[in-house]
Amino acid sequence: MSDRRIGVYICHCGGNISDYVDVDRVRKAVEGEGGVAVAKTAMFACSDATQQEMASDIQEQHLDGLVVASCSPKLHLHTFRDVARRAGLNPFQYTQVNVREQCSWAHTDDREGATDKAIRLVRGAIARTALTEPLEPIIIETVPRVLVVGAGISGLRAAIGLADLGISVYLVEKSPLAGGWIGKLGKMYPHGKDGKSLIAQLINELKKRENITLYTNAEIAEKSGSIGNFDVNLRVRGQEDTTISVNVGSIIVATGFDAYQPEEEEFGFGLDGVLTLPQFKELLDSSAGRPVFNGREIKNVAYIYCVGSRQQPEVENANRYCSRYCCNAAVHASIIALEKNPGMHQYHLYRDMRTYGKFELMYSQAREMGSYFLKFADDGPPVVERGYDGKLQVSLKDLLTFGEEIEIKADVVVLVTGMVPRKSPELVDVLKLPLGRDRFFNEIHPKLRPVETMVDGVYICGSCQGPKNSIESVASALSAVTQSASILKKGYVDLEPLIASVHQDLCNGCGECVATCPYAAIEMEQQQGRSVAAINRALCKGCGGCVPLCPANAIDLKGYTDAQVRSMIDALLKETCQNE
Amino acid sequence: MTATNNESKDYAPKILAFSTNNISDPGIDLAGSSHMHYPTSAMVFSMPCTSGIKPEWILYAMEKGFDGVFIASDGEECAYLPDCAERSAKIAEEAQELLREKGYEPKRLRMSAICSVCAEPFTNQIKDFYNMLKNLGPARKG
């Protein structure tokens, strides 16, 4: 029998639990369990009064384990860990049992069954808790420097933001010039200011700050270390390649996007006069007067939207996502075109217009200025051909006029191309960055942790994460600045100690686990003349993926050990009084 | 006397469901928050990632009295391991092999991807699995 002293608290949650589960019966059923020293019910376990009572019990009854049966751990895991910590009990000897979302609320139709299940779940948690050991958070000191990868608008703005917080920045740009996509753009919405001048302004600010170092023609070659203290080697191209080593506390990736490159013959791509949106933008920005193509004034333009975005699932490696910037960019381009040549006829062939938020005004403006909007079906894309007269001819069925067949003669057809992830296998490989299904870099949680990645200390921002316009990119860049600063200004980070651990006496040194860890968190080391596996505590993510792959059963995940799982299974199955 | 498929009317198959802290467990929570019902004999144990389940645990659960094991996997959404789906599939295959060796029907283990809003798919899967196990009879015969 367990010689532990565990406190068990079963919450009514007002009635959210006790209306459907007989909490007193649960308490009676578990109070005699081995290792249970205190078993109580509470109207609201999370209330200040009950937290206080738990803390007193922990101290007065010398509890060495805590179980709270209440709501989902997503809500109060940290609340009760903190109660334990405040009372001097190791927070990792606390277990939360979800008897609300996963019991009372799911079984509002079966009080007997729900009560029986709650008893089993609480017993399971007691069994797990009886086998907990005190764990200390892993404390890592941080160095107050950041590496920013990519000097587009996001990277530049992030670098300035960090510098102003007193954090030194190494800014690395792969191409010969900082500025990215925005650095090539002319007039932008809504202020009519040139992209070029926005970038010039940022670079001017950059130059004023001594704690920013910009490397162009440079990229990341190697990385070692972990959150708070990374050693990174940069490769700088020149007459001869040079390697620069930097030591940073965090890394912000702002590598941006690539423009979708249409396939040959996709909407006539390859025919003279069929341009992508970036090509057409460049043509407009470089025209002083009326825009001209092949020496002839452009009188008729047809825009085809959603090229390379929102592709049908049948397309190989389909880009299913909406690139979100292109409707706005194309509508804006048409306004600029009309300003340069008020006589121009423009036809917008779209699937759905997504000029969201303030961009709606721009859409209205384009319509008022005389642009025509025609809608085609998802499965009825327009066809672009070279007509007999040598002109480009676009035909479609227009849904707005109930499927009328329309033919448009155009001097230029603009394919409104979306954003695709930049192919950067080296970067993915060096930083171990996870990719999403859309092949953009993936955050941990889109709403709650939008710029953090699974690699601690590595943040993402801007359009390397997914389609964003420059406004959204800069907002996310500044959020990556905040996240970086929050760990670097404090001087240390503490990491959850629920990570893998190797029973080195059982390890046979086969090394199979080393290859299975994508975070390179397992290394072989020499122990008493034997080669055995060891976990790098700062790199291990605590996924447990190595656990079942060890042929010697020598790896356990803390909090989810082999002994805990088996003991919990036994406890879940122990018959409740009801069934006896 | 050995149990037959239809013998015990009050035989409620016990199901151990493995879920994951960040993806499938929120989906299962959502089923509860929406007051969607499923059998009370299904009990959930949440872990960081289904790639960390030992096949031996599944056999152990069956030997000790569970009638079925359900893995609510992350599918393609796992934030830890890009090959999580393949790893979990391999674990399920190995577990089924262990079950077969010990005389348990491999279909007593079922795996399905459950996302963080997959409340209805989860309850449907569990109900369906429960009915299948009910027809199959208890895992421990005799």
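How many residues of chain A are in contact with chain B, and with how many residues of chain B? In this predicted model, 46 residues of chain A contact 43 residues of chain B. Together the two chains bury about 3800 Å² between them. Carbon and sulfur atoms account for 62% of that area. On the side of chain A, the residues that lose the most area to chain B are A:Gln102, A:Tyr560 and A:Leu573. These three together make up 16% of what that side buries.

Polar and charged pairs also cross the interface. Between chain A and chain B, 16 residue pairs are in polar contact, both residues being at pLDDT 80 or more. The salt bridges between the two chains number three. One of the pairs joined by a salt bridge is A:Lys74 and B:Asp25, whose closest N and O atoms lie 2.6 Å apart.

Several elements of chain A give two or more residues to the side that touches chain B. They are the helices α4 (100-104), α5 (111-130) and α14 (562-573), together with strand β30 (555-557). Helix α14(A) provides the largest share, eight residues. Sorted by class, this side of chain A holds 21 nonpolar, 12 polar and 13 charged residues.

Chain A as a whole was then examined. Chain A has 580 residues, of which 56% are buried. Its secondary structure comprises 14 helices and 30 strands. Along the principal axes, the C-alpha atoms of chain A fill a box of roughly 95 × 65 × 45 Å. Contacts in chain A were also sorted by sequence separation. Of those between residues at least 6 apart in sequence, 67% join residues at least 24 apart.

In chain B, attention turned to helix α4 (residues 119-136). What span should its 18 residues have at 1.5 Å a residue? The expected value is 26 Å, and the end C-alpha atoms are 26 Å apart, so the two agree. The buried residues of α4(B) begin with B:Ala119, B:Phe122, B:Thr123 and B:Ile126. They continue with B:Phe129, B:Tyr130, B:Met132, B:Leu133 and B:Leu136. An α-helix has 3.6 residues a turn, so residues three or four places apart point the same way. The buried residues of α4(B) pack against five elements of chain B: β1 (15-20), α1 (24-33), β2 (42-47), β3 (68-73) and β4 (109-113). Just after α4(B) comes B:Gly137, which takes a positive phi of about 90°.

Notes. Residues numbered from 1 in each chain as written. Chains lettered and ligands numbered in written order. Predicted model: local features only at pLDDT ≥ 70, side-chain atom pairs only at ≥ 80, totals over all residues. Heavy atoms only, no water. Helix = DSSP H or I, 4+ residues; strand = E, 2+ residues; numbered from the N terminus. Expected span 1.5 Å × (residues − 1). Buried < 20%, exposed > 50% of the residue type's maximum accessible area, 1.4 Å probe, protein only. Contact = heavy atoms within 4.5 Å. Buried area = accessible area lost by both parts, 1.4 Å probe. Salt bridge = Lys/Arg side-chain N within 4 Å of Asp/Glu carboxyl O. Polar contact = N/O pair within 3.5 Å; in protein donor to acceptor, adjacent residues only side chain to side chain. Nonpolar A, V, L, I, M, F, W, Y, C, P; charged D, E, K, R; others polar.
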